[in-house]
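Dear colleague,

Please find below the structure that I am handing over to you, together with its sequence. My notes on it follow.

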Amino acid sequence: MKPVEIVQGTSPIILGQPHSGTYVPDHIYANLNQTGRKLIDTDWHIPKLYEGLAENVSIVRANFSRYVIDANRDPSGTSLYPGQNTTELVPLTTFDNQPIWNKPPGKEDIAHRLSNFHCVYHQALQAEIDRVKGIHGMAVLYDCHSIRSEIPFLFDDKLPDFNIGDNSGRSCDMHITKIVEEACRQFPNYRTVVNGRFKGGWTTRHYGRPENNVHAIQMELAQHCYLVSEQWPFTYAADKASEFRKVLALIFAQLTPAFLFNFKESQNESRS
């Protein structure tokens with residue numbers, strides 16, 4: 001299986017999907033324990049959830065599991081959230097702090113995964129950002145994520161349904177973030193937060209350069225909103241997902257190419 005799938009669109013918007021993959025090479029799978037083999041920390045069904053919601057968007061999707069290597073972590077291994085519980089570049093445990101390996105991967109193994117999976121994903125993502133920006137003069141990287149809503153090891157209480165992150169305003173212009181937030185808040189049955197527990201991972205922080213017309217925003221969704229339950233086998237709930245997708249559809253309707261074009265022009269005028 002190819003480690004990365006790329007769909008090239010004509011819109012300024014790119015959907016990054018670093019955690020929805022479940023592919024694990026046989027030699028790596030053999031060393032996962034029974035807990036690890038369930039891949040419970042996958043961003044389950046993200047491609048299906050976003051399918052058909054936005055016309056002409058580009059998609060860069062990691063087919064490999066985050067247990068192989070986490071495509072949304074700093075390749076240097078630096079923690080995204082110093083002082084808070086999190087998982088590593090190559091996770092050693094689940095989000096519940098349960099070990100996933102019979103034998104933890106060594107330095108050479110991690111270096112191999114970095115070269116053959118992590119780097120391949122980010123080379124594809126950078127190339128797509130460059131291509132889209134070359135067409136439109138700007139790019140908006142919308143990083144798609146989901147997570148179980150209750151994980152005491154990572155956060156207290158129950159996670160809001162829509163968790164928007166722009167690295168505290170540094171990775172995306174506030175007008176674009178506001179469009180996404182206001183679309184979510186038009187559905188009061190769901191809870192929304194901006195820059196809460198999840199402010200954006202390495203992808204958001206690495207690529208988001210509003211001053212260079214590259215905007216990156218992360219959307220972390222609570223899985224209970226579209227799954228039958230947040231337990232194995234993490235089954236997609238079509239009825240719940242249908243309602244949930246209405247919010248996502250509104251986000252992309254608001255982030256139309258016309259809006260983004262006018263936004264880019266206004267930004268250029270303000271800088272001239």
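**The sheet and its strands**

Strands β5 and β7 run antiparallel and are joined by 4 bridges. Please bear in mind that this is a predicted model. Within the β5–β7 pair, Phe-162 has Leu-221 of β7 as its bridge partner. Strand β5, residues 162–165, also pairs with β6, in the parallel sense and over 3 bridges. Phe-162 has a bridge partner in β6 as well, namely Thr-192.

Strand β7 is further joined to β4, by 9 bridges, and these two strands run parallel. One of the pairs there links Ala-139 with its bridge partner Val-214 in β7.

These strands belong to an open sheet of 7 strands with mixed pairing, in the order β1-β3-β2-β4-β7-β5-β6. Its edge strands, each pairing on one side only, are β1 (4–7) and β6 (192–194). On average, neighbouring strands of this sheet are turned by 15° against each other, with direction ignored. Helix α3, residues 107–136, packs on the sheet and touches β1, β2 (13–17), β3 (58–62), β4 (139–147) and β7 (214–222). The direction of α3 makes about 175° with that of β3.

Is β7 mostly covered or mostly uncovered? Strand β7 is mostly covered, with 9 of its 9 residues buried. On one side of β7 the buried residues are Val-214, Ala-216, Gln-218, Glu-220 and Ala-222. On the other side they are His-215, Ile-217, Met-219 and Leu-221, so that both faces are covered.

**The nonpolar cores**

The largest nonpolar core has 69 residues, of which Leu-49, Tyr-50, Tyr-142 and Met-219 touch the most other members. Helix α6 (residues 238–254) supplies the largest share of this core, 7 residues. A second, separate core has 10 residues, including Leu-80, Tyr-81, Phe-95 and Leu-154.

With neighbours within four places in sequence left aside, the contacts of Tyr-142 include Ile-13, Ile-14, Leu-15 and Gly-16. Tyr-142 is likewise in contact with Tyr-50, Ile-217 and Met-219, and with Leu-248, Ile-251 and Phe-252.

**Helices α4 and α6**

Helix α4 (residues 174–185) has 12 residues. From its first C-alpha to its last, α4 reaches 16 Å, close to the 16 Å expected at 1.5 Å a residue. Its buried residues are Ile-176, Thr-177, Ile-179, Val-180, Glu-181, Ala-183 and Cys-184.

Two packed helices are described by the angle between their axes and the distance between the axes. The axes of α4 and α6 come within 9 Å and cross at roughly 145°, and α4 passes α6 in a right-handed crossing. Which residues meet where α4 and α6 are in contact? From α4, Ile-179, Val-180, Ala-183 and Cys-184 meet Val-247, Leu-250, Ile-251 and Gln-254 in α6. Ile-251 is also one of the residues in contact with Tyr-142.

**Ser-20**

I close with a residue in a loop. Ser-20 lies between β2 and α1 (26–29). Ser-20 counts as buried because its relative accessibility is 12%, and the cut-off for buried is under 20%. Not counting residues up to four places away in sequence, Ser-20 touches Thr-42, Asp-43, Ile-46, Pro-47, Arg-61 and Ala-62.

With kind regards

Methods. Residues numbered from 1 in each chain as written. Predicted model: local features only at pLDDT ≥ 70, side-chain atom pairs only at ≥ 80, totals over all residues. Heavy atoms only, no water. Pairing = 2+ DSSP bridges. Axes fitted to C-alpha atoms, helices over the stretch in contact; angles between N-to-C directions. Contact = heavy atoms within 4.5 Å. Buried < 20%, exposed > 50% of the residue type's maximum accessible area, 1.4 Å probe, protein only. Core = buried A, V, L, I, M, F, W, Y, C linked by side-chain atoms within 4.5 Å. Expected span 1.5 Å × (residues − 1). Left-handed = near helix turned anticlockwise from the far one by under 90°.
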